[in-house]
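Thanks, everyone, for making time this morning. I would like to walk through one model with you, going from the sheet to the packing around it and then to a single buried side chain.

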Amino acid sequence: MKVMTSCHSLSIDIETYSSADLSKTGVYRYVESKDFEILLFAYSLDGGKVQVVDLARGEKIPSAILEDDKCIKWAFNCSFERVCLSRFLGYPTGKYLNPKSWRCTMIWSATLGLPLSLEVVGKVLQLDKQKLTEGKELIKYFCVPCKPTKKNGQRTRNYYYHDSIKWDLFKEYNIRDVEVEIGIQ
C-alpha cells in the first residue's frame, strides 16, 4: 500500500456498516449509530492505481491527508464520505471535515444533465470500467444487519470472515467504484 502523506487530488470511495437504515435516517443519524464503522476505504492518489485499505481487518488510513485542505478530495455523493470520515476521525457531532476541499462527481454529473447514479453515469458515458453489478448483493451482505437464522448461527451481522470469497469481491467492488469515479472526472 502506498503511504498517503500528501497529494493534489484524492479520489475516494468507502464501504460502511451501521444498524441504522441510511434510507430512513439520513447520513447524520446513520453515523451516530453505536455500531457505525468504515469497513473499506478505496482511494487513488493523484490519478494513480486504486488501492484499498481493509479497515475491518485492522489496516489504517493516515488521517493527516484527509484533513489537508490543500488536497482536493473527490467522491460520488461526497457528503456521505465527508460525514462518515469525520465520524471515523473522531469529530464530535455537528463538526465535520472542511467541505472546501471536497468535490462531488455526482453533483458535477447532475450539472451536466447526467443521472444521479454512479452506475448509470458510467453507462451513459460509456466508460471503459463500469460499476460491478454484484455490489447491491455485497452491500446487503456486509453493510446492513442480517436476520438471525439457524443456517447463519443466529448472527445479526456478516463479517469478512464469514465469507472470504465475497469479501475479496467486495474489495474489488470498492476499487471499481473509484475507477468509475475517476472515469467521470
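Let me begin with a question for the room: how many residues lie between strand 2 and strand 3 in the hairpin that they form? There are five residues between them, and one residue of that turn, Asp 46, has a positive phi of about 50°. Please keep in mind throughout that this is a predicted model, and that what I describe was computed from its atoms.

The hairpin belongs to an open sheet of five strands, whose order is 3-2-1-4-5 and whose pairing is mixed. Strand 3, covering 51–54, and strand 5 are the edge strands, each with a single partner strand, so one side of each has no neighbour in the sheet. On average, and with direction ignored, neighbouring strands of this sheet are turned by 30° against each other.

Staying with strand 2, we can look at its pairing on either hand. With strand 3 it runs antiparallel, and four bridges join the two, with Tyr 43 standing opposite Gln 51 of strand 3. With strand 1 the pairing is also in the antiparallel sense, over eight bridges, and here Tyr 43 of strand 2 is the bridge partner of Ile 12. Strand 2 is also mostly covered, with eight of its nine residues buried.

That brings me to the packing. The largest nonpolar core has 35 residues, and those with the most contacts inside it are Leu 10, Ile 12, Phe 41, Leu 66, Cys 84 and Leu 85. Among the elements that each supply at least two residues of this core are strand 1 (9–17), helix 1 (22–32), strand 2 (37–45) and helix 7 (164–184), but the most comes from helix 3, which gives five residues.

How much of helix 3 is buried, then? Eight of its 11 residues are, so to speak, under cover, and these include Cys 84 and Leu 85 as well as Glu 81 and Arg 82. What covers the buried residues of helix 3 includes strand 1, helix 1, strand 2, helix 2, strand 4 (72–75) and strand 5. Just beyond, helix 3 is followed by Gly 90, which has a positive phi near 90°.

Taking Cys 84 by itself, and not counting residues up to four places away in sequence, we find that Cys 84 touches Ile 14, Thr 16, Val 27, Val 31, Phe 36 and Ile 38. There is, in addition, a second, separate core of 14 residues, which includes Tyr 17, Leu 40, Leu 138 and Cys 143.

Finally, I would like to return to strand 3, where Asp 54 is found. Is Asp 54 buried or exposed? Asp 54 is buried, with a relative accessible area of 1%. Which polar partners, then, does its side chain have? The side chain of Asp 54 reaches the backbone nitrogen of Arg 57 at 3.1 Å, and a polar contact of 2.8 Å joins it to the side chain of Trp 167. Leaving aside neighbours within four places in sequence, Asp 54 is in contact with Leu 39, Leu 40, Glu 59, Trp 167 and Lys 171.

Note on methods
Residues numbered from 1 in each chain as written. Predicted model: local features only at pLDDT ≥ 70, side-chain atom pairs only at ≥ 80, totals over all residues. Heavy atoms only, no water. Core = buried A, V, L, I, M, F, W, Y, C linked by side-chain atoms within 4.5 Å. Buried < 20%, exposed > 50% of the residue type's maximum accessible area, 1.4 Å probe, protein only. Contact = heavy atoms within 4.5 Å. Pairing = 2+ DSSP bridges. Axes fitted to C-alpha atoms, helices over the stretch in contact; angles between N-to-C directions. Polar contact = N/O pair within 3.5 Å; in protein donor to acceptor, adjacent residues only side chain to side chain.
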